[in-house]
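Reader: I am in my first year and would like a close look at a single part of this structure. Could you take me slowly through the place where the ligand sits and explain each term as you go?

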Amino acid sequence: MSVNTELIHPPLTVLSDDERLFRDSVYQFADREIRPHVRAMDDEAKIPRDLINKLFDLGVMGIEIPEGLGGGGARFFHSVLAVEALSRVDPSIGVLVDVQNTLVINAFLKWGHDEMKRRYLPKMAASAIGAYALSEAGSGSDAFAMATRASERGDDWSISGRKLWITNGNEADLFIVFANINPEAGYRGITAFIVERGTPGFTVGKKEDKLGIRASSTCELILEDCRVPRENVLGEVGKGYKIAIETLNEGRIGIGAQMVGLARGAWEYAAKYAQERKQFGKAIAENQGIQFQIAQMATEIEAARLMVYNAARMKDAGVPFVKEAAMTKLFASQVAERVTSLAIEIYGGYGFTKDYPVEKYWRDSKIGKIYEGTSNMQLQTIAKLVMGK
Ligand SMILES: Cc1cc2nc3c(=O)[nH]c(=O)nc-3n(C[C@H](O)[C@H](O)[C@H](O)COP(=O)(O)OP(=O)(O)OC[C@H]3O[C@@H](n4cnc5c(N)ncnc54)[C@H](O)[C@@H]3O)c2cc1C
């Protein structure tokens, strides 16, 4: 394909050479190394460590970490390409990589002081997994109503409380934990701390048994007088709310990419099956009714992908993208649920069984409307921004 490079605004889906090479390497890896294990990982609710090691070797666990610190030195857009390509095969792997890059590394890069970056980022590029611990049993959408507290004890901070629903909880080596140091100041007391696995007073609790993205671990964290040194405060004391808001704004684009990737994965299976399955003496894809369904699905995926790419490129360009990120996650998760549901219908009864891959995509799609802000929370953000409130 020849692209007119004199265009001032290249089409969103036209990738630069390095973006294309990177994306293709992830696509090939996903088909070769992940696809054979998808069913077993879902059944066993576990991602094997050797597969995680291969993700590190591939370079998708430290995409934006500067090359000088052992990472890929790439941009946010590359993270989005990786999450999309992995989620096409397994959205659980997609979210592992998404949390690592778009939430944890992103927060370190933006808010970490130099010594913190030197201490943690080379490890994260090589073998350490990150998790992002904001939610609690009593505070989900109203995240800043958290009950976890931190107080000064000599040269340390002591953190006590419980976090719920923490992605990568079972595998993570380090956790960004949000706690309030001064509840009377409300959200202005919220502070982000780096807690390493193995710190006394820190335990990973129950792992949830989930509907979808079952291989991705979702865990409770228990902190009981967990002591971290002063230098483990990420950003400034009392500015954790800003870190949470800003990283989640960016993370939402990654979830959009996860939803686009998984919708595409289900669509590919459905489009192929429709051309193989015969009823009334011909392939079901020869019926215009089925063709229209496949065309509608492809159109919705394309629209959602354009939103993801646009929001990611806006973020990299340094222009405001909060509205676009919220719209992207809202819409991409709707598309994912519709497309995966239709994929099951195209498979008929077979689609309803675990012998075929599409029911899993549908189960996996459901989370898109829930984490990193529910659909209602996205609508609230969008409404505020479009109505100028
Ligand atoms: C698999 C999984 C992985 C997760 N990973 C992480 C993670 O890594 N880190 C982390 O910190 N959290 C994580 N979460 C938590 C997730 O972000 C929360 O579940 C989510 O924000 C919703 O909070 P909640 O579950 O308490 O629901 P609630 O906030 O109780 O919401 C329940 C319902 O009420 C609606 N609602 C609430 N308030 C309003 C309102 N003002 N107006 C209209 N509707 C409203 C919501 O939209 C929703 O439909 C994860 C959750 C899951 C299930």
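Author: What follows is a look at the ligand and its surroundings, and then at some aromatic rings. This is a predicted model, in which local features need pLDDT of at least 70 and side-chain atom pairs count only at pLDDT 80 or more, while totals for chains, interfaces and linings use all residues. Residues are numbered from 1 along each chain as its sequence is written, and side-chain values use heavy atoms, with hydrogens and water left out.

The space that the ligand takes is the largest pocket, a pocket being an open set of points on a 1 Å grid over the protein atoms alone, where a 1.4 Å probe fits, with protein on both sides within 12 Å along at least five of seven lines; a molecule sits in a pocket if more than half of its atoms lie within 2 Å of its grid points. Around the ligand there are 19 residues, and the closest are Tyr132, Ser135, Ser141, Trp165 and Thr374, where near means that a heavy atom lies within 4 Å.

Polar contacts (pairs of N or O atoms within 3.5 Å) can be followed one by one. A ligand nitrogen lies 2.7 Å from a polar backbone atom of Tyr132, whereas for Ser135 the 2.7 Å contact of a ligand nitrogen is with an N or O atom of the side chain. The side chain of Thr167 likewise has an N or O atom 2.7 Å from a nitrogen of the ligand. Taken alone, the ligand exposes 970 Å², of which the protein buries 64%, with areas from the Shrake-Rupley method and a 1.4 Å probe.

As for rings, Arg313 lies over the face of Phe77, 3.8 Å from the ring centre; a charge counts as over a ring if CZ of Arg or NZ of Lys is within 6 Å of the centre and within 35 degrees of the ring normal.

Conventions. Polar contact = N/O pair within 3.5 Å; in protein donor to acceptor, adjacent residues only side chain to side chain. 1 Å grid on protein atoms, 1.4 Å probe; cavity = no way out; pocket = protein on both sides within 12 Å on 5 of 7 lines; lining within 4 Å.
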